[in-house]
Amino acid sequence: MPQNNFSKILLAAVEESLSSLGDSPKQAILFHLEASFKIKKEHIPENITEFAKALEKIFGPGALYLEKLIVKCLYEKLGLEFEDVESRDFLECVDNMKKRLPPKRDM
């Protein structure tokens, strides 16, 4: 099943954000996600809730930093101005951005 445009952009934002930590840490996180949480990199967008829970289990309170990086990167990729709202939940931010996009019908 082909991913929609938002899923591709979300995955790119996740990868770019993890890359900001360095290639070795990024690879270690992706390995841990797959080995411990059964989340393959290419399936992160469709398992975003499980991905967020896995980040929290891996990093504890530090997951908030990564989630903020991902949201900021996602805003940039979608051409939206980043709204730094501390009270917003990561999953809520992703869902709100997804809803703001017009549906793609061309494929």
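Is Lys77 buried, exposed or partly exposed? Keep that one in your pocket; the answer turns up in Exercise 3 along with the residue's partner. One thing before you start: this is a predicted model.

**Exercise 1. Check the length of helix H1, then find out what packs over it.**

Step 1. Helix H1 covers residues 5-19, which makes 15 residues. The expected span is 1.5 Å times one less than the number of residues, and for H1 that comes to 21 Å.

Step 2. Now compare with the model: the end C-alpha atoms of H1 are 21 Å apart, so the two values agree.

Step 3. List the buried residues of H1. They are Phe6, Ser7, Ile9, Leu10, Leu11, Ala13, Val14, Ser17 and Leu18.

Step 4. Look for what lies over them. The cover includes H2, H3, helix H4 (63-77) and helix H5 (90-100).

**Exercise 2. Work out the surroundings of Ser17.**

Step 1. Place the residue: Ser17 belongs to helix H1.

Step 2. Get its accessibility. The relative accessible area of Ser17 is 3%, and the cut-off for buried is under 20%, so Ser17 is buried.

Step 3. Collect its contacts, skipping residues up to four places away in sequence. That leaves Leu66, Leu69, Ile70 and Cys73.

Step 4. Check what the polar side chain is doing. A polar atom of the Ser17 side chain sits 3.3 Å from the backbone oxygen of Leu69.

Step 5. Follow one of those contacts, Cys73. Cys73 has 5% relative accessibility and counts as buried. Cys93 also counts as buried, at 7%.

Step 6. Any sulfur bridges to worry about? A disulfide is a covalent bond between the sulfur atoms of two cysteines. Searching the whole structure turns up zero disulfides.

**Exercise 3. Go through salt bridges of the model and say where the partners sit.**

Step 1. Start with the count: the structure holds four salt bridges.

Step 2. Take Glu16 and Lys77. Their side chains meet in a salt bridge with an N to O distance of 2.9 Å. This pair links distant parts of the chain, with Glu16 in helix H1 and Lys77 in helix H4, 61 residues apart.

Step 3. Add the accessibilities. Glu16 is partly exposed, at 41%. And here is the answer to the opening question: Lys77 has 35% relative accessibility, so it counts as partly exposed.

Step 4. Next, Glu15 and Lys26. Their closest N and O atoms are 3.4 Å apart, and the two form a salt bridge. Because Glu15 lies in helix H1 and Lys26 in helix H2, the pair ties together parts that are 11 residues apart in sequence. Glu15 counts as partly exposed at 22%, while Lys26 is buried at 10%.

Step 5. Then Asp95 and Lys99, whose side chains meet at 3.1 Å, N to O. Both are in helix H5 and they are four residues apart, so about one helical turn separates them. Asp95 is partly exposed at 35%, and Lys99 is exposed at 62%.

Step 6. Finally, see who shares partners. Glu15, Lys26 and Lys41 are joined into one network by salt bridges.

**Exercise 4. Map what Lys26 and Leu30 touch.**

Step 1. Both residues are easy to place: Lys26 is in helix H2, and so is Leu30.

Step 2. List the contacts of Lys26, again leaving out residues up to four places away in sequence. They are Glu15, Leu18 and Ser19.

Step 3. Do that for Leu30, which counts as buried at 12% relative accessibility. With residues up to four places away left out, Leu30 touches Leu18, Lys41 and Ile44.

Step 4. Pull out the Leu30 and Lys41 pair. These residues are 11 apart along the chain, and their C-alpha atoms are separated by 6.5 Å.

**Exercise 5. Find what is unusual about the backbone of Lys38.**

Step 1. Recall the background. Most residues other than glycine have a negative phi.

Step 2. Read off the angle: phi of Lys38 is near 60°, a positive value in a residue other than glycine.

Step 3. Locate the residue. Lys38 falls in the loop between helix H2 (23-37) and helix H3 (48-59).

Step 4. Finish with its accessibility. The cut-off for exposed is over 50%, and Lys38 has a relative accessible area of 68%, so Lys38 is exposed.

Key
Residues numbered from 1 in each chain as written. Predicted model: local features only at pLDDT ≥ 70, side-chain atom pairs only at ≥ 80, totals over all residues. Heavy atoms only, no water. Helix = DSSP H or I, 4+ residues; strand = E, 2+ residues; numbered from the N terminus. Buried < 20%, exposed > 50% of the residue type's maximum accessible area, 1.4 Å probe, protein only. Contact = heavy atoms within 4.5 Å. Disulfide = S-S within 2.5 Å. Polar contact = N/O pair within 3.5 Å; in protein donor to acceptor, adjacent residues only side chain to side chain.
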